[in-house]
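Colleague: Before I rely on the labels attached to this structure, could you take me through the reasoning behind a few of them?

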Amino acid sequence: MRRNIKVKPGKSQSVLGFIVGLIFVGIGLFVVIPTFGPFGIFWTLIAVAIAVANGVNAFGKNGVASHEIVVEDDGGEETQSSSARRLEEARSLYEQGLISREEYEAKRQEILKDL
């Protein structure tokens with residue numbers, strides 16, 4: 001089973017990012033746009049995006065995830081119960097005389113190695 005876990009920054013980190021974003025918006029409006037023109041507009045738009053994302057994280061209930069963690073579930077209990085079932089089947093085949101002792105032991109070792 002695969003699960004995606006989204007992680008958003010903590011409130012204090014988001015508040016700091018919001019404040020820094022606002023400072024960069026101010027710098028963009030009053031220094032960078034008048035000095036560098038189109039680059040200043042780009043700078044200011046990026047600063048606005050940073051301020052908005054951090055503001056949503058800091059002051060809103062639903063935040064903007066900064067990380068996503070994908071967890072692959074290896075089966076855990078399912079693997080153990082599957083291995084137990086396979087061991088029982090191998091034992092049953094041996095007791096019925098359908099496989100030799102050597103075949104049973106080889107299969108048993110193979111199943112135990114998979115745990």
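Modeller: What follows sets some of the computed values against their cut-offs, and you should keep in mind throughout that this is a predicted model.

Colleague: What makes Phe18 and Phe59 an edge-to-face pair?

Modeller: The ring centres of Phe18 and Phe59 lie 5.5 Å apart, and rings pair if their centres lie within 6.5 Å; their planes stand at 85°, and planes over 60 degrees apart count as edge-to-face, so the pair takes that name. Phe18 belongs to helix H1 and Phe59 to helix H2 (residues 38-59), so that the pair links distant parts of the chain, 41 residues apart.

Colleague: Why is Phe59 called exposed, and why is Phe18 called partly exposed?

Modeller: Phe59 has a relative accessible area of 55%, and exposed means over 50%, so Phe59 is exposed. Phe18 has 24% relative accessibility, and partly exposed covers the range between under 20% and over 50%, so Phe18 counts as partly exposed.

Colleague: How do you know that Phe36 and Phe39 form an edge-to-face pair?

Modeller: Phe36 and Phe39 are 6.1 Å apart centre to centre, with 90° between the planes, and the cut-offs are within 6.5 Å for the centres and over 60 degrees for the planes, so both conditions for edge-to-face are met. Ring pairs also link Phe24, Phe36, Phe39 and Trp43 into a cluster, and the count for the structure comes to 5 aromatic pairs.

Colleague: What makes the contact of Arg85 and Glu89 a salt bridge?

Modeller: The N to O distance between the side chains of Arg85 and Glu89 is 3.6 Å, and a salt bridge asks for a nitrogen of Lys or Arg within 4 Å of a carboxyl oxygen of Asp or Glu, so the contact qualifies. Both residues lie in helix H3 (residues 77-95), 4 residues apart, about one turn of the helix.

Colleague: How do you know that Lys107 and Glu110 are joined by a salt bridge?

Modeller: Their side chains meet at 3.3 Å, N to O, and the limit is within 4 Å, so Lys107 and Glu110 count as a salt bridge; being 3 residues apart in helix H4, they are separated by about one helical turn. Salt bridges that share partners also join Arg101, Glu105 and Arg108 into one network.

Colleague: Why does Ile23 count as partly exposed?

Modeller: Ile23, in helix H1 (residues 11-36), has 49% relative accessibility, and exposed means over 50%, so Ile23 counts as partly exposed. Ile23 is one of the residues that form a nonpolar patch on the surface, with about 820 Å² of accessible area together.

Definitions and conventions. Residues are numbered from 1 along each chain as its sequence is written. This is a predicted model: local features need pLDDT of at least 70, side-chain atom pairs count only at pLDDT 80 or more; totals for chains, interfaces and linings use all residues. Side-chain values use heavy atoms; hydrogens and water are left out. Patches are made of residues with over 30% relative accessible area and no salt bridge: like charges are joined within 9 Å, nonpolar side chains (Val, Leu, Ile, Met, Phe, Trp, Tyr) within 5 Å. Accessible areas come from the Shrake-Rupley method with a 1.4 Å probe; for residues, only the protein chains shown count as cover. Helices (H or I, at least four residues) and strands (E, at least two) are DSSP runs, numbered from the N terminus. Buried means under 20% relative accessible area, exposed over 50%, partly exposed in between (1.4 Å probe, protein chains only). Rings of Phe, Tyr and Trp (its six-membered ring) pair if their centres lie within 6.5 Å; planes under 30 degrees apart count as stacked, over 60 as edge-to-face and the rest as tilted.
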